[in-house]
Amino acid sequence: MAVECVLATSRQNNRIASHRKRITKRQGKMKGRIASAHLLVTIAYNILKTGEPYHELGSITLKKNKITKN
């Protein structure tokens, strides 16, 4: 079920979709899907554990991180 949620985010510009694209480039489709599903489950666990709402980092932060790594 988590993998289906990851696939649903593929057209969006968010942290999970960016994570999947990055992993897929290096290791293939299946590992990218599973790694992103793991990220999604980890986020959900932390939301339930802390009780704090999830705050998306946003595409601007993702672009800044990409620029600083190059």
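Buried here means under 20% relative accessible area. The legends below describe a predicted model.

**Figure 1. Overview of the protein chain, with four helices and zero strands.** From the N terminus on, the elements follow the order α-α-α-α. Of the 70 residues in the chain, 19% count as buried. The accessible surface comes to about 5,600 Å², and carbon and sulfur atoms contribute 58% of that area. Among contacts with a separation of 6 or more, 52% join residues 24 or more positions apart. The mean pLDDT of the chain is 82, and 81% of the residues reach 70 or more. Among the elements, α3 has the highest mean pLDDT (91) and α4 the lowest (65).

**Figure 2. Helix α3 and its buried side.** α3 has 22 residues, and its first and last C-alpha atoms lie 32 Å apart, close to the 32 Å expected at 1.5 Å a residue. Within this helix G32, S36, A37, L39 and I43 are buried. These residues lie on the same side of α3, because they cover an arc of only 155° around the axis. Their packing partners are α1 (2-8) and α2 (15-27). The other side of α3 carries the exposed residues M30, K31, H38, Y45, L48 and K49. Just after the helix, G51 adopts a positive phi of about 80°.

**Figure 3. Helix α2 and its buried side.** The 13 residues of α2 should span 18 Å at 1.5 Å a residue, and the distance between the end C-alpha atoms, 18 Å, agrees with this. Buried residues in α2 are I16, A17, H19, R20 and I23. They occupy an arc of only 155° around the axis and are therefore on the same side of α2. The cover over the buried residues of α2 includes α1 and α3. K25 and R26, on the other side of α2, are exposed.

**Figure 4. The largest nonpolar core, formed by V6, I16, A37, L39 and I43.** The core has five residues. Three of them come from α3, which gives the largest share. Not counting residues up to four places away in sequence, I43 touches R15, I16 and Y54.

**Figure 5. Surroundings of S36 in helix α3.** S36 has a relative accessibility of 0% and so counts as buried. Leaving aside neighbours within four places in sequence, S36 is in contact with V6, I16, H19 and R20. Of these partners, I16, H19 and R20 are themselves listed among the buried residues of α2. V6 and I16 also belong to the largest nonpolar core.

**Figure 6. Surroundings of L40 in helix α3.** At 23% relative accessibility, L40 counts as partly exposed. Outside its neighbours within four places in sequence, L40 is in contact with A2, C5, V6 and I16. L40 and I16 are 24 residues apart in sequence, and their C-alpha atoms are 7.2 Å apart in space.

**Figure 7. Surroundings of T24 in helix α2.** T24 is partly exposed, with 22% relative accessible area. The contacts of T24, neighbours within four places in sequence left aside, are with K29 and G32. G32 is one of the buried residues of α3. From T24 to A35 the C-alpha to C-alpha distance is 9.3 Å, and the two residues are 11 residues apart in sequence.

**Figure 8. L57 in the loop between α3 (29-50) and α4 (59-69).** The relative accessible area of L57 is 47%, and the residue is partly exposed. L57 and R15 are 42 residues apart in sequence, with 7.0 Å between their C-alpha atoms. R15 is also one of the residues touched by I43. The helix that follows this loop, α4, has the lowest mean pLDDT among the elements (65).

Key. Residues numbered from 1 in each chain as written. Predicted model: local features only at pLDDT ≥ 70, side-chain atom pairs only at ≥ 80, totals over all residues. Heavy atoms only, no water. Helix = DSSP H or I, 4+ residues; strand = E, 2+ residues; numbered from the N terminus. Buried < 20%, exposed > 50% of the residue type's maximum accessible area, 1.4 Å probe, protein only. Contact = heavy atoms within 4.5 Å. Areas by Shrake-Rupley, 256 points an atom, 1.4 Å probe, with all protein chains shown as cover. Core = buried A, V, L, I, M, F, W, Y, C linked by side-chain atoms within 4.5 Å. pLDDT = per-residue confidence, 0-100. Expected span 1.5 Å × (residues − 1). Arc of directions from axis to C-beta.
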